[in-house]
Each structure stands twice: as C-alpha cells, then as structure tokens.
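Please open the structure in your viewer and keep the selection panel at hand. The tour goes from strands to disulfides and then to aromatic rings.

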Amino acid sequence: MQPQNVFWVTLLLFYFQAETSPVQLNGVLGNSITFQINESKPFATISWFRIEKNSKFSTLALVAPKKPCKLLIPLQAFKERVSSTKDCRNLHLSHLNQEDMNRYTANIALTTSEKINEHFDLKVYKHLQSEDLSINCTINRGQTKSLQLNCSVERWNDKLDVQWDVAEGIISRVTHENLLTINYTSRQIFDQEVSCKVENPVSKVSKTMTLKEACSKHKRYVSKKTVVARFIVAGLSMFSGIVVAFTVWLIPCHSRRPWFPCTTFARTAEEAQMDPENPLPPPPQPPG
C-alpha cells in the first residue's frame, strides 16, 4: 500500500472510532480553560490533538495515569501553557489567545484496548469593557436628513449581539445589526439619548450618550447655536473695541500723562488757567 493511502486509512480509522458530539467551550481572552473528558473507565493513555490551519493534526499533549501524571508536551509553544489535572483525565490550557480557537480531540486508549474520541470546539472571546465600545456617527444632508450610528467593539472581531434603544418618537431603523439609521427634521433631535448594548458569550456591556455627543465631529450640523454664537461673539468684540477707543479719547486732558498731548481738543481759557503746564497758544497777530 502506498504511503499516501496509508495516511488516509489511518485518518479514517481515527474518525470511525467511538465518537462523541463536540463539546462547545467558551474561553475568555487571557484566562484559562479546562478540557474535561466524559469517559470514566480506566485508561492507559490520553492523546490530545488539535487541528492546524493546514487541516493536519498536531499532538498537543500525551498523558499517562501515574503519580504524578506523566505528561509529554511536544509543541514548544505550549510547554508553559498546558498542564494536567491530578487525576490525569483533564487538560488545562492557560493564557488563551485568539489563535487557540480550534477543534481539540482527546483520543482515549482504555485498558481494554478500546479507543474513544471526545471532541471540543473552543471559542475565545474578549471580556468587554465600556471603553471598548464606541458609537460613531455619519450625517447625510441630502433631500431627507438622516444620520447613521455605528456601534462597534474596537480591536476584536467577536461575533456580537447588538441591540439599540432610542427615545420614543424618533424615527429609526436597524439597517444592519450594528448600524442604526435615524431620520430627522429638526436639530432638537440631537438632544435625545441613544443606547447601544453589546453582548458576547462571556460578557455584556452598554453605552448611552446623546446624539450630540455621538455626532460631535459634525458640530456645524448638530448645534443650532453655532452660527448665532459666532455673530454674537464678533459683535461683542467689535462693540468692546469701540467702547475702549471712545473711553481713551474722552478722558479729560488734565488727567493724562505728559507724554499724551491734549492738542487734539480745543480748550477754553478757563481750562488753560487750571492747567498752567499746558497754556493756550497766543492768539494770532493781525497782518500789518
């Protein structure tokens, strides 16, 4: 028999041994998970396998029931992460990461020479925090004014269950699970609140904010006071400048410093007598 045929025959024999339905396991990123076999009969060895990206099996661990358990870990990357329970039946995998999501198989060799396979499908999820959740806004200023809100979890591609809560009276529709579209006619709608609730198999988180906060990057569309405020600020600045200028020029001359001449304004003889330092100039002489 050719080597290629031997490989396929061995693979078929492996799969046609006593099988059990896969156990679904949900792990938390950075935490640990335990693969617990269901078989309770005495065993000689347990071989733990995982399926790699190239669809080939790799041996994760070999366990024999001794005191302490005899544990062999062929893969260098798992030597510090894999351990066995005291009864040698279950396998412990620590420091979970996204690459650990896989199908794991325990090939159990019983003392009766019977072999049983138990399968585990491991999924790894991030334990969500409120800071992981973001609500982004896009405003459409077409014939029908609308805005679109996108609720997402940054830096992690979990399959998420997303739900939206909006105030009564707001015309909205969920175009995709994480996208909410709201139609509006008045800027007053931006004072309303909207909530996004996100859940994965290991955690749940929510975020509530006003539409003004969610769409803060579009201030000129969101704030109804922006244009008016600009005119008010400009008008106050101009008015303040005029007031200061008039105040400076209308100060009585006798209260000014010597370096600030008063020749700009005409003075009476009485004012000149009160200010001997700056007498009136002599009257012009008639032509002779």
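Two strands are taken as paired if DSSP finds at least two bridges between them. The model you are looking at is predicted, and the first stop is a set of paired strands.

Select strand 15 together with strand 16 (residues 203-210): the two run antiparallel and are joined by eight bridges, and a hairpin of two residues leads from strand 15 to strand 16. Within this pairing, Val194 has Met209 of strand 16 as its bridge partner. Now add strand 12 (residues 161-166), which pairs with strand 15 (residues 193-200) in the antiparallel sense over six bridges; here Trp164 stands opposite Cys196 of strand 15.

Stay with Cys196 and select Cys151 as well, since a disulfide joins Cys151 to Cys196 with an S to S distance of 1.7 Å. This link is left-handed, with -90° about the S-S bond, and it connects distant parts of the chain, with Cys151 in strand 11 (residues 145-153) and Cys196 in strand 15, 45 residues apart. Cys151 is buried at a relative accessible area of 2%, and Cys196 is buried at 0%.

Next, select Cys137 and Cys215, which are joined by a disulfide with S to S 2.0 Å and which are both buried. The link of Cys137 and Cys215 is right-handed, with 85° about the S-S bond. Cys137 lies in strand 10 (residues 133-141) and Cys215 in the loop between helix 2 (211-214) and helix 3 (219-222), so the pair ties together parts that are 78 residues apart in sequence.

Then move to Cys69 and Cys88, whose sulfur atoms are 1.8 Å apart in a disulfide; the torsion about their S-S bond is about -95°, so this disulfide is left-handed. The count comes to three disulfides, and with the bonded cysteines numbered in sequence order the pairing reads 1-2, 3-6, 4-5.

For the last stop, display the aromatic rings: the whole structure holds six aromatic pairs. One of them is Phe35 with Phe120, an edge-to-face pair at 5.5 Å centre to centre and 70° between the planes, which links strand 2 (residues 33-35) to strand 9 (residues 115-125) across 85 residues. Add Trp48, whose ring centre is 5.9 Å from that of Phe120 with the planes at 35°, so the pair is tilted. Finally, include Tyr104, because ring pairs link Phe35, Trp48, Tyr104 and Phe120 into a cluster when centres within 6.5 Å count as a pair.

Methods: Residues are numbered from 1 along each chain as its sequence is written. This is a predicted model: local features need pLDDT of at least 70, side-chain atom pairs count only at pLDDT 80 or more; totals for chains, interfaces and linings use all residues. Side-chain values use heavy atoms; hydrogens and water are left out. Helices (H or I, at least four residues) and strands (E, at least two) are DSSP runs, numbered from the N terminus. Rings of Phe, Tyr and Trp (its six-membered ring) pair if their centres lie within 6.5 Å; planes under 30 degrees apart count as stacked, over 60 as edge-to-face and the rest as tilted. A disulfide is a pair of cysteine sulfur atoms within 2.5 Å. Buried means under 20% relative accessible area, exposed over 50%, partly exposed in between (1.4 Å probe, protein chains only).
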